[in-house]
Amino acid sequence: MGVVMLRRRPGTPTLEEVAALAGVGRGTVSRVINNAAGVKDTTRRAVQRAIAELGYVPNLAARTLAGRRADAVALVMTEPDWRQFGEPFFSEIVRSVGDALTQTEVQLLLTLVRTDAERQRLVEYARGGRVDGVMLMSVHATDPLPDMLAEVGLPTVLLGRRSGDESVTYVDADNVGGARAAVSHLLDTGRRAVATITGPPDMYVAQCRLRGYREAMERAGAEPRESWTVRGDFSADSGHRAMAELLERAPEIDGVFAASDTMAAGALGALRAAGRRVPDDVAVIGFDDFPLAQHTDPKLTTVRQPLDEIGHAMVRLLLEEMREPSTAWRHVIHRTELVLRDSA
C-alpha cells in the first residue's frame, strides 16, 4: 500500500489556463498548437498571445487531442556504470513494468543514458513525438534529465528520487523505515557491533538506507563507529570488498546491514572466506528481497520492497499523466517488510 502526496508544480501553466486567458476552449488551443485548419485568425492570435504571456510549453496533451500518439513509452536507465545492468534490480523492474503494460497497446522501449550527449539525444527524440512518456530509474543526485524532460512537457515518472525535495513525480519505497527495521532486528537479537555497507553516496536511496541504520543505532543507544561504515556500489563485488575491509579494521563486528541483497551476497562470500560463520559469528541482513536472497548460503534475511507494486504504480501514474496532464506532482511511497530467513 503506498502513500500518495501531491505537490503543485509552481508556475507550470496548463492547457486550461491558456484556454481561459484566450477565452476559448482547450480544443481550440490544441488546434492552434498543431496548426490545424478551421481556426479564425483573430482566435489564433489570441491563443498565441496567451501562450506567450503564460510561457506555456506544448506537451503531450496537444498531440493526444490531435490524435497523434506514439503509443510507446521509454524506460530509461541512467546508470553510468555498465556493470550495474547485470544486477537483479534492473531486470526485476523491467519485468514489472513490462507486465503492467501487457494489458495496454503501449509499447515499451528500453534505453540507456549515461552522458550529456545521450541525455540531449533522448530529449530531442522525445520532443519529436516518438514516445508519449518516460520512466527513469537509477537517477543520481545531480542528474538534470528529469528536469530537461519536464521542461519540454513530457510526462515523466522516476523510480526513486534525487533528493528529499524531488520536483518530478516519483514512486519509491520507505528506505529509511526498512533500514531502521533491519538494524533494530539485529540489535534486538543481541548484536552489539553492527556495521553497514552503503550504496553510492550520490544516490538518495543510499542516503536514506544509511539514515535508517544510524537512526536505529541511536535509538538503541549503540553509538555507531566510523569504522563500521564502508561504501559499496550495490554490486556483489563491492559487497565482498567492503566486508573484507570491515573485518580487517573492525574484527569485533557481529552484525552487518548491507543496503542491497547483491552487496549482502558478496558480504556472505567474504565472511565465508574469512572463516566467519553466519549467523553464529556475524548476522547479515540485505535489502530488496530479490529471488537471489533465497538462493544464498545461508538464505538471506532482507527487507522486501514491493518491486511489482512499484513498477505497476510507475506505469499507472505515467498513463494517467499521458491521458490528462496534472498540475501536481505525485509522490508515492510504498511500505517495506522485514523478511526473516537464516542469515539473521
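Strands β2 and β4 (residues 133–137) pair in the parallel sense over five bridges, where strands are DSSP runs of E with at least two residues, helices are runs of H or I with at least four, both numbered from the N terminus, and two strands pair if DSSP finds at least two bridges between them. This is a predicted model, in which local features need pLDDT of at least 70 and side-chain atom pairs count only at pLDDT 80 or more, while totals for chains, interfaces and linings use all residues. Residues are numbered from 1 along each chain as its sequence is written, and side-chain values use heavy atoms, with hydrogens and water left out.

**Strand β2 and its partners**

- In the pairing of β2 with β4, Ala 74 has Val 134 as its bridge partner.
- Strand β2 (residues 72–77) also runs parallel to strand β3 (residues 107–112), to which six bridges join it; there, Val 76 stands opposite Thr 111.
- Because six of the six residues of β2 are buried, this strand is largely enclosed by the rest of the structure; buried means under 20% relative accessible area, exposed over 50% and partly exposed in between, with a 1.4 Å probe and protein chains only.
- Ala 72, Ala 74 and Val 76 point one way from β2, Val 73, Leu 75 and Met 77 point the other way, and all are buried.
- In a regular strand the side chains alternate between the two faces of the sheet.

**Strand β7 and its partners**

- Strand β7 is likewise largely enclosed by the rest of the structure, because five of its five residues are buried.
- One side of β7 carries Val 194, Thr 196 and Thr 198 and the other Ala 195 and Ile 197, all of them buried.
- β7 pairs with β9 in the parallel sense over four bridges, and Thr 196 stands opposite Phe 257 in β9.
- β7 pairs with β8, also in the parallel sense, over three bridges, with Ile 197 opposite Val 230 in β8.

**Strands β10, β11 and β13**

- Four bridges link β10 and strand β11 (residues 301–304) in the parallel sense, and Asp 288 stands opposite Arg 304 in β11.
- Strand β11 runs antiparallel to strand β13 (residues 337–339), with three bridges between them; Val 303 stands opposite Leu 338 in β13.

**Helix α9**

- The 16 residues of α9 should span 22 Å at 1.5 Å a residue, and the end C-alpha atoms are 22 Å apart, which agrees; the expected span is 1.5 Å times one less than the number of residues.
- Buried residues of α9 include Tyr 204, Val 205, Arg 209 and Tyr 213.
- The buried residues of α9 pack against α8 (175–188), β7 (194–198), β8 (229–231), β9 (255–258) and β10 (283–288), contact being heavy atoms within 4.5 Å.
- Gly 221, whose phi is positive, near 70 degrees, follows α9.

**Cavity**

- The structure holds one cavity of 30 Å³ or more; a cavity is a set of points on a 1 Å grid over the protein atoms alone where a 1.4 Å probe fits but cannot get out, and lining residues have an atom within 4 Å of a point.
- The largest cavity has a volume of about 400 Å³, a volume being the space filled by probe spheres set on grid points joined across faces, edges and corners.
- Of the 25 residues lining the largest cavity, Phe 89, Ser 138, Met 203, Val 205 and Phe 234 are the closest to its centre.
- Helix α5 (88–101), strand β6 (170–173) and helix α9 (204–219) each supply at least two residues of that lining.

Methods. On a 1 Å grid over the protein atoms alone, a cavity is a set of points where a 1.4 Å probe fits but cannot get out, and a pocket is an open set with protein on both sides within 12 Å along at least five of seven lines; lining residues have an atom within 4 Å of a point.
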